[in-house]
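Hi everyone, thanks for coming. I'd like to walk you through a structure that's new to most of you, so let's get it up on the screen.

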Amino acid sequence: MSVYTADPRLSRFDPLERVFFYDDFDEGIRGWSELIGNYEHSPDSMLPEYKDMRPPMLSNLTMWDTGTAGSMEGSYALKLATRARAGSLATSIKRQTFRKRGQIQLECYFTFKPEASELRLSLDDVRAFGVLFDLQDGMNPEYRWMPHLRYLNAVDDEMINRWQVKGKTRPFHNIGDSGETVSHFHLGPENWDFVDCPAQSLCYNEIATKMNWHYLKVKVDLAERRFIGFQCNDLSYSGEALQHISIPAMPNLNCMLNTAFWVETNRDKRAFLYVDSVLLSGVF
Amino acid sequence: MAVRRSYTAIVERNVLWQGDFASEPYEAAWASEAIFFVRALDLSPDFEGGLASVQISADGIYWADEGTTFELPRKTDAVTFCKVTHFGGFLRLQGHIAPGDSIKVLVSLALKE
């Protein structure tokens, strides 16, 4: 029996050789911060899409009708909450660097819901949630590359229930007046492509105050810059490498290994994404 | 030695308050004490000031006055604050700015176990 299967907190994961980080949010926020755009002199100089990506919080999943559920394991989960405005995004990021360009794998358990502010099904009130890596080669870098994976739950009144990836970002903009700062927004609604796999209807469980936890695994290869595949519950994709955003390496991002989650609301109602726990493993 | 966990959330950043305002709900059941800091990033000319009140909630949806009220800053980069304890699960600020006045704020919520 490996150390992973012997530990009840880790036996629900399938890590690669070594654990890079394991975040159980009963221990605190563990480096997951709010994502913010680049700026110079004033926050007014930020690209507007980056101005308000909401701070993450530690939630014990307390509902108006049934009280506290707690997280999947313990009391607290990482919670991302949008504003109550259709299209609002909440994004949280953990910033690391890598020591070797090997394979890495993110695993987590998550659940998502709209705010329970209406007593109705609310199945299509969350538009999407996702996870991304923001990566750059190390020595003599050629590329910065950004695998994005999102679950498109619904658009307006239409349920979609499909996984998507993104192959192209928006153009870069100069920020401020020094010529030193640029920014690009990569979480807009454009340039998403459906993954060649079936639709996946995730357990919603009837009302907005019932949360079921789901498993997600995402795998990339830093050496070959390949977005290898993913698994969500009983759906696995391991076909051709998935598309990712690729741009020329930038001046001060070598060995960057950033991981981010986000959630987007489909209505003028807050959307929530909860994560508990997150494990990043790799071959390094 | 175990140290007490703490966390500061920027619950509003570069947001313009005019008329009725309320900060976004922040969930903090893990914390036993909190300070709301409000820094004025910009103010309308001759800003007459205003009050912010702390509200608490069991669910983040329905709100009640906690009883703490404090003045908003009246100069750019001035900071005002209030301390709160025993607040349960959710916190926010709410208040009203006089007609014609506005204030652009940075609201930090400093939480401690």
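Let's start where the two chains meet: how many residues of chain A are in contact with chain B, and how many of chain B with chain A? On the A side it's 32 residues, and they touch 21 residues of chain B. Keep in mind that this is a predicted model.

Now, area. People often describe how big an interface is by the accessible area that's lost when the parts come together. Here chains A and B bury about 2000 Å² between them, and 46% of that is on carbon and sulfur atoms. In chain A, the residues losing the most area to chain B are M57(A), L58(A) and R83(A), which together make up 21% of what that side buries.

What about charges? The rule finds seven salt bridges across the interface of chain A and chain B. One of them links R5(B) with E27(A), with the closest N and O atoms 3.4 Å apart. We also get twelve residue pairs in polar contact between the two chains. On chain A's side, strand 3, residues 57–59, gives the most to the surface touching chain B, with three residues. By class, that side has 15 nonpolar, six polar and eleven charged residues.

Okay, over to chain B and its strand 9, residues 103–112. Eight of its ten residues are buried. Strand 1 of chain B, residues 6–17, runs antiparallel to strand 9, joined by ten bridges, and S6(B) sits opposite K112(B) there. Strand 4 of chain B, residues 33–43, also pairs with strand 9 in the antiparallel sense, over ten bridges. In that case D42(B) has K104(B) as its bridge partner.

Notes. Residues numbered from 1 in each chain as written. Chains lettered and ligands numbered in written order. Predicted model: local features only at pLDDT ≥ 70, side-chain atom pairs only at ≥ 80, totals over all residues. Heavy atoms only, no water. Contact = heavy atoms within 4.5 Å. Buried area = accessible area lost by both parts, 1.4 Å probe. Salt bridge = Lys/Arg side-chain N within 4 Å of Asp/Glu carboxyl O. Polar contact = N/O pair within 3.5 Å; in protein donor to acceptor, adjacent residues only side chain to side chain. Helix = DSSP H or I, 4+ residues; strand = E, 2+ residues; numbered from the N terminus. Nonpolar A, V, L, I, M, F, W, Y, C, P; charged D, E, K, R; others polar. Buried < 20%, exposed > 50% of the residue type's maximum accessible area, 1.4 Å probe, protein only. Pairing = 2+ DSSP bridges.
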